[in-house]
Amino acid sequence: MTPLVHLESIAAPLMRDNIDTDAIIPSREIKSVSKTGLADGLFAGWRYLAASGKQPDPAFVLNDPRFAGAAILVTGANFGCGSSREHAVWALAEFGFHVIIAPSFSPIFQANCVRNGIAPVVLPRDVCVALAELAAEGAQIAVDLEAMTVSAAGQRWTFVLDDEPRVMLMEGLDAIELTRKRQSEITAFRAADARRRPWAYLQN
């Protein structure tokens with residue numbers, strides 16, 4: 001994954017609560033188990049005028065030219081609820097989102113974000129509303145994972161991200177790569193364990 005430390009971008013405001021994974025990517029848009037080819041299905045139920053086609057609905061935020069290229073999504077509470085489909089995060093990532101700011105996330109979705117290089121930033125509702133209003137005005141929003149701050153229009157807010165997901169995002173690591181950072185400890189443990197329990201390491 002690509003490391004994510006600092007990001008400054010315009011943001012797409014989508015202030016709706018309880019956006020579930022079926023709204024993020026409807027099941028009819030999931031045609032493979034690949035991480036690619038999903039961006040067209042992102043928010044398909046809202047993004048297009050009809051389920052049977054791909055004619056953009058001009059009223060939907062992601063079809064507004066002002067938000068083209070936005071790498072940040074500002075949204076409502078309990079984002080990513082519903083089923084645990086990881087395709088929802090894959091679609092958001094392929095579309096180009098690197099940070100999602102919300103008052104709260106579904107825990108499984110939040111973990112899936114981290115595993116796929118998207119930073120799930122939790123800020124109070126009033127701050128999210130303020131950021132959505134600034135985003136609608138075209139303000140640049142800066143996210144700093146090192147300092148754990150979000151800045152826009154001369155204002156700054158702090159957020160909390162646990163050490164493990166923060167390291168994974170900042171260093172671009174998946175769960176296996178994070179474990180391999182402790183390879184020397186793992187090797188030392190195996191050597192000590194082999195001395196204590198040599199029978200466990202016998203090979204046929």
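**Exercise 1.** Determine whether Cys128 is buried or exposed, and whether Cys128 and Cys113 take part in a disulfide.

*Solution.* At 0% relative accessibility, Cys128 counts as buried, where buried means under 20% relative accessible area, exposed over 50% and partly exposed in between, with a 1.4 Å probe and protein chains only. The structure is a predicted model, in which local features need pLDDT of at least 70, side-chain atom pairs count only at pLDDT 80 or more, and totals for chains, interfaces and linings use all residues. Residues are numbered from 1 along each chain as its sequence is written, and side-chain values use heavy atoms, with hydrogens and water left out.

Next, apply the disulfide rule, a pair of cysteine sulfur atoms within 2.5 Å. The count comes to zero. For Cys113, the nearest cysteine sulfur is that of Cys81, 13 Å away. For Cys128, the nearest is that of Cys113, 14 Å away.

**Exercise 2.** Describe how helix α3 (residues 87–95) is placed against α4 (107–115).

*Solution.* Helices are DSSP runs of H or I with at least four residues, and strands are runs of E with at least two, numbered from the N terminus. First, consider burial: His87, Ala88, Val89, Trp90, Ala91 and Leu92 of α3 are buried. Secondly, consider the axes, which are lines fitted to C-alpha atoms, for helices over the stretch in contact, with angles from 0 to 180 degrees between N-to-C directions. Those of α3 and α4 come within 9 Å and cross at roughly 45°. Thirdly, identify the contact (heavy atoms within 4.5 Å): Ala88, Val89 and Leu92 of α3 meet Phe109, Asn112 and Cys113 of α4.
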